[in-house]
Each structure stands twice: as C-alpha cells, then as structure tokens.
Amino acid sequence: MLVISRSYLVEVNLATAVATGNRYFFLDVPQLRKVYVQGVEAFDITGLAVSPNGKTIVSAAGSLSILVTLCVGDKEDIFQIPYYTLISKNNGGIIREFYNKQINLTKSYVQLVGTAGLAANESCIFNFYYK
Amino acid sequence: MPFSKNYLNTRESKTIVIKIGGTVPFQKIYLPVDAELSGKLITGIEWDEGGVQVVAAATVGGVAYTLLNAGTTPNFTLTLVDHDNLMICEHLVLSTLGRTAANGKVRRFNLRMQSDRSYVTNIITSFSPVATAAVALTFYYK
C-alpha cells in the first residue's frame, strides 16, 4: 500500500476544441523533474470540482473517453492507461502505484478516444505521489 | 498473528477541526498551531466526512460546527508544509482522504509537517460555506 512522502497536483487542460484523437501534453513541472514517482491518482468533477487554476474538471462521463500515456525518458512506459483506472474512488479507493518511475512529463500526454461528456477548456487533474 | 503489511503504523491520533465559515475562495485557511503534531512522523491522514464518519452537526469544545461531506467538498485541497517552509504535499485533494473516495482506506503518509504552516484551500468561487462550516481531519502519528 502506497505510503505518501510528497505529492504534487498537476493539471492538463483540454485547451482546444475536443475531438477524437486529440492529444494534450503535460506541461513541465520543475518539482517533478528527476523524482521517483510512486503513484498517480486522477480525479473527475465529483472528486475535485475545479482546479487551482479555476478550470472545471472533466465529468465522470467524460473520464471514460480519456487515455493517459506517461513516458520515462523517450519510452512510453505507461501506455494508454484509462483515466478511469486512475480515479481511486472508482477502484475501491486504490491509488495506482508505480515502481519508482522518473516520469518525463513533457513527453507524456492524455489522448481522447471520444468526446462524450467532454468540453473544451475542461481539465484532467492528477496527483503525483513521489519521493 | 503477524501484522498485515498494510496496517497503519501509528501510536496516536488527533482530530483537528478547521473552521472555514466566513472565508473567501482561494484564501489559505491555516491549521491551528499544534505542539503535538509538529515534528511528529505523520503516518496517516483521514478526512472525517460529515454525515458519514461523524455526525454533520457536531459540537466540539462547546463550539457548533457543520462538518462538510463529499457532496459539498469537492472544492478543497490540503497543502502540507514542513518546518523549513517547504511544501511537502501541494494541493492534496481533500476528497481522496475521505471514506467515500478511499473506500475505508486511510491514506498512508511518511512525513513531518508543521501544522500551523499547513493549510486548507477552497478553490471554487461559487461555494460560500455557511458560518459554522468546518473540515475535520484526523492525523495519525507516532
């Protein structure tokens, strides 16, 4: 079971009009460079209504149309994991744990496989647990 | 019988009630100064949801509070700061610490925080808490 040492909340905004196949890349977060990520948790609007930047979080229905890819270096180590899977309240409270991965955020992205329940300018939000 | 490796390694716990009534969005609502918690190794944090784990209309220390629940609190984050003023956990989503989202699990931590430098933030402008609104957090430590 994950023991949390440090955490950081990261937002990916669906800035442009949403369309199937669109990819939205993570922005660089200096605090998460070269750190060992032990777990990642995502949220829909029922867990966090608004991001700290004031953007509406994706709905529960919209979360079904999002896949997440996390890169280590240039390799897509966590490839197209469903956003739904990372929402702990959908999965018995479990936070998905990773084995000390140094995530390259700027190469990581979320990808839409549909647009149902999604709107432009909504945000995906992730809590990275790291040490 | 040996402990399960998932057991919460704690000796003591303390529940803090943080009054948020009368605050404005994005205001940092600091946790109270607490000599017991500061410097201790925090092994778990749990958000006590009103109406779920504890009665919503609670009187603590002679003061009446309305403890928020999952329905009214997808708006709050918790930021933990250590004694060097470094943010250990920034904008930890409060709902993940509650029973509804965590399905009964207590989120486990391994950190030392300075309670009076840590704070709760309401990040939604459309939510105006009632005057007696409060957030209750239980810290497990040793």
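Good morning. I begin with A:Arg6, a partly exposed residue whose relative accessible area is 30%. Please bear in mind throughout that this is a predicted model. A:Arg6 belongs to strand β2 of chain A. Leaving aside residues up to four places away in sequence, A:Arg6 touches A:Phe128, A:Tyr129 and A:Tyr130 in chain A, and B:Met87, B:Ile88 and B:Cys89 in chain B. As for A:Tyr130, it stands 124 residues from A:Arg6 along the chain, yet the two C-alpha atoms are separated by 5.4 Å.

That brings me to the interface of the two chains. Contact involves 27 residues of chain A and 27 residues of chain B. The area buried between chain A and chain B comes to about 2,200 Å², and carbon and sulfur atoms give 58% of that area. Which residues of chain A lose the most area to chain B? They are A:Met1, A:Ile4 and A:Pro52, which together account for 25% of what that side buries.

Let me turn to the polar side of this interface. The rule finds ten residue pairs in polar contact across the interface of chain A and chain B, with both residues at pLDDT 80 or more. In chain A, the strands β1 (3–4), β2 (6–13), β4 (37–43) and β9 (123–130) each supply at least two residues of the side that touches chain B. β2(A) provides the largest share of that side, namely four residues. By residue class, the side of chain A that touches chain B divides into 15 nonpolar, nine polar and three charged residues.

How many salt bridges does the rule find across the interface of chain A and chain B? There is one. B:Arg107 forms a salt bridge with A:Glu41, and the closest N and O atoms are 3.9 Å apart. This pair counts because a salt bridge requires a side-chain nitrogen of Lys or Arg within 4 Å of a carboxyl oxygen of Asp or Glu.

The two chains are also joined through strand pairing. β1(A) and strand β8 of chain B, residues 107–112, run parallel and are joined by two bridges. Within β8(B), B:Phe109 is the bridge partner of A:Ile4. A:Ile4 has already appeared in this talk, as one of the residues of chain A that lose the most area to chain B.

I move now to pairing inside chain A. Strand β5, residues 66–72, and strand β6, residues 75–82, pair in the antiparallel sense over four bridges. In this pairing, A:Leu70 stands opposite A:Ile78 of β6(A). β5(A) and β6(A) form a hairpin with two residues between them. In the turn, A:Gly73 has a positive phi of about 65°.

A positive phi also occurs in residues other than glycine, and I would like to show two of them, beginning with A:Lys34. The phi of A:Lys34 is near 60°. A:Lys34 sits in the loop between β3 (23–25) and β4 of chain A. Is A:Lys34 buried or exposed? A:Lys34 is exposed, because its relative accessible area is 70% and the exposed class begins over 50%.

In chain B, B:Phe26 has a positive phi of about 70°, although it is not a glycine. B:Phe26 is placed in the loop between β1 (12–19) and β2 (28–30) of chain B. With a relative accessible area of 40%, B:Phe26 is partly exposed.

That concludes the presentation. Thank you for your attention.

Key:
Residues numbered from 1 in each chain as written. Chains lettered and ligands numbered in written order. Heavy atoms only, no water. Contact = heavy atoms within 4.5 Å. Buried area = accessible area lost by both parts, 1.4 Å probe. Polar contact = N/O pair within 3.5 Å; in protein donor to acceptor, adjacent residues only side chain to side chain. Nonpolar A, V, L, I, M, F, W, Y, C, P; charged D, E, K, R; others polar. Pairing = 2+ DSSP bridges. Buried < 20%, exposed > 50% of the residue type's maximum accessible area, 1.4 Å probe, protein only.
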